[in-house]
Amino acid sequence: MDFGDLSATYKRDHQPGWPEMSEVRRARGTLARAAPLVSAHDIRRLRARLAEPTFLLQAGDCAETFQDNTRASVAGRAALLQALSDTIEARSGRPVVTVGRIAGQYAKPRSAPTERRGGVSLPSYLGDAVNGADFTVDGRTPDPRNLIRAYEESGRTLSQLANSAVFSSHEALLLDYEQPLTRRSADDGRLYGHSAHLLWIGERTRSLTGPHVDFAAEISNPIAVKIGPGATPTVLTGLHAVLNPDNIPGRLTFIFRMGRHRAYDLVYAMLSRILAEGWVDRVVCDPMHGNTVVSPAGVKTRVVTSIEEEIRAFFAACNDTGFTPGGIHLEVSGDDVTECVATRVDDAFLAANYRTACDPRLNPEQASSLAQLVGELLVPHRDFGPRVEMAMSGR
Ligand code: PEP
Ligand code: CO
């Protein structure tokens with residue numbers, strides 16, 4: 001197999017270089033005939049909750065894996081999400097909407113199309129919906145049958161979540177998965193992506209001329225877009241025009257992941273634009289993805305105090321502009337992992353229980369302490385501020 005070709009394909013819009021297009025067509029056909037994973041009714045229910053002055057807790061694995069999709073793991077993750085929401089709600093008095101990075105978070109964009117280890121170069125791990133994490137030719141070769149497995153695993157997770165108040169979300173990255181799971185609702189005639197309640201577009205695929213924004217514009221789910229430090233307020237203008245042209249509350253969320261040093265200034269500039277334009281879009285802080293560091297031993301980690309710093313910067317920017325903070329986006333595990341460190345990078349700590357398939361996650365204790373902080377920071381914002389009310393009713 002020619003992995004040179006694979007990486008060339010991969011570079012276009014972060015889609016995998018599938019080796020067998022006939023298998024991809026077969027998988028897409030199977031998904032197109034399959035039952036929706038989530039109902040249009042529940043998608044609309046989440047959208048309605050996001051249209052209210054709620055606070056969004058969105059959290060879960062960076063990358064779910066088929067292997068860890070056990071009943072015990074799902075129960076642990078759901079319990080943690082609920083506990084984090086309860087903490088924020090109890091501390092702040094703001095109603096919290098709980099959305100997991102769960103039941104479909106099986107595809108990852110990567111900064112490099114290939115990974116090199118000891119002179120061997122193979123395609124990067126792109127999530128269990130594409131290939132395996134094992135560093136072997138077999139493991140790393142994209143296999144379209146993984147799309148079907150991702151659908152099945154997600155269905156099992158969702159049936160276990162059915163009695164909990166957790167909505168599902170994932171990055172809408174793999175168009176060979178998302179497009180065939182789109183259906184038109186008989187109730188309102190609109191298209192919905194039925195792979196999850198909320199779908200987000202990542203920092204790497206939010207180009208206005210790329211296929212991901214086009215896809216998101218077509219469907220009526222609540223949509224979120226990650227916004228990193230390279231973006232300007234003009235980027236928001238373009239995204240708002242395409243994704244929420246009628247300025248409807250509950251439709252569009254911007255998730256800022258700026259990195260702790262620049263978060264205050266960059267978020268301040270973004271919020272100023274949103275307020276000046278009178279957009280109703282929600283703003284959320286992802287304090288994880290701009291604060292990843294590599295340990296001396298070469299392990300990806302995040303320092304909890306750095307994460308706190310970005311959270312404080314985000315809330316300060318909201319406070320100083322008079323904008324209502326709309327939510328927090330975290331990478332967490334229900335297990336007692338050692339992937340993020342408390343105050344300083346420590347390889348001995350990281351070695352104890354480092355299990356993530358992609359980015360480092362907070363363990364339940366670390367996540368709970370951040371939920372307490374968020375709850376406290378939210379208190380002054382219990383009501384929509386006057387400037388925000390103007391923006392909500394204006395235009
Ligand atoms: C993620 O959320 O795991 C991710 C890849 O984020 P971003 O698009 O912000 O880099
Ligand atoms: Co991540």
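Start by selecting Asp138, which is exposed at a relative accessible area of 71%. Here exposed means over 50% relative accessible area, buried means under 20% and partly exposed is in between, with a 1.4 Å probe and protein chains only. You'll find Asp138 in helix α5, residues 137-140. Helices (H or I, at least four residues) and strands (E, at least two) are DSSP runs numbered from the N terminus. Add Ala107 to the selection: Asp138 and Ala107 are 31 residues apart in sequence, and their C-alpha atoms are 18 Å apart in space.

A word on what you have open: it is a predicted model, so local features need pLDDT of at least 70 and side-chain atom pairs count only at pLDDT 80 or more, while totals for chains, interfaces and linings use all residues. Residues are numbered from 1 along each chain as its sequence is written, chains are lettered from A and ligands numbered from 1 in the order in which they are written, and side-chain values use heavy atoms, leaving out hydrogens and water.

**Stop two: ligand 1**

Now select ligand 1 and show what surrounds it: Cys62, Arg101, Lys108, Pro109, Trp200, Gly202, Glu203, Arg204, Lys226, Arg257, His289 and Glu331. A residue counts as near if one of its heavy atoms lies within 4 Å of the molecule. By class, that shell has 3 nonpolar, 2 polar and 7 charged residues. For this count, Ala, Val, Leu, Ile, Met, Phe, Trp, Tyr, Cys and Pro are nonpolar, Asp, Glu, Lys and Arg are charged, and the others, Gly among them, are polar.

Which side chains have a polar atom by an oxygen atom of ligand 1? Try Arg101, at 2.8 Å, then His289, where an N or O atom is 2.9 Å away, and Glu331, at 3.1 Å. The protein covers 98% of the 290 Å² of accessible area that ligand 1 has on its own; areas come from the Shrake-Rupley method with a 1.4 Å probe, and for residues only the protein chains shown count as cover.

**Stop three: Thr98**

Jump to strand β2, residues 96-101, and pick out Thr98. Thr98 is buried, with a relative accessible area of 4%. Show side chains here, and you can draw a polar contact of 2.6 Å between Thr98 and Ser85. Such a contact is a pair of N or O atoms within 3.5 Å; within protein, one must be able to donate a hydrogen and the other to accept it, and residues adjacent in sequence count only if both atoms are side-chain atoms.

**Stop four: Ala172 and Ser195**

Next, select Ala172 in the loop between β5 (167-171) and α7 (175-178). Is Ala172 buried or exposed? At 4% relative accessibility, Ala172 counts as buried. Its C-alpha is 9.3 Å from that of Leu198, 26 residues apart along the chain. Then add Ser195, whose C-alpha is 8.9 Å from that of Ala172 although the two are 23 residues apart in sequence. Ser195 lies in the loop between β7 (191-193) and β8 (198-201), and is buried at 0% relative accessible area.

**Last stop: two backbone angles**

Most residues other than glycine have a negative phi. Select His14, though, and you get a positive phi of about 60°. His14 is in the loop between α1 (3-11) and α2 (21-33) and counts as buried at 15% relative accessibility. Finish on Asn247, with a positive phi of about 55°. Look for Asn247 in the loop between α9 (233-243) and β10 (252-256), where Asn247 is buried at 18%.
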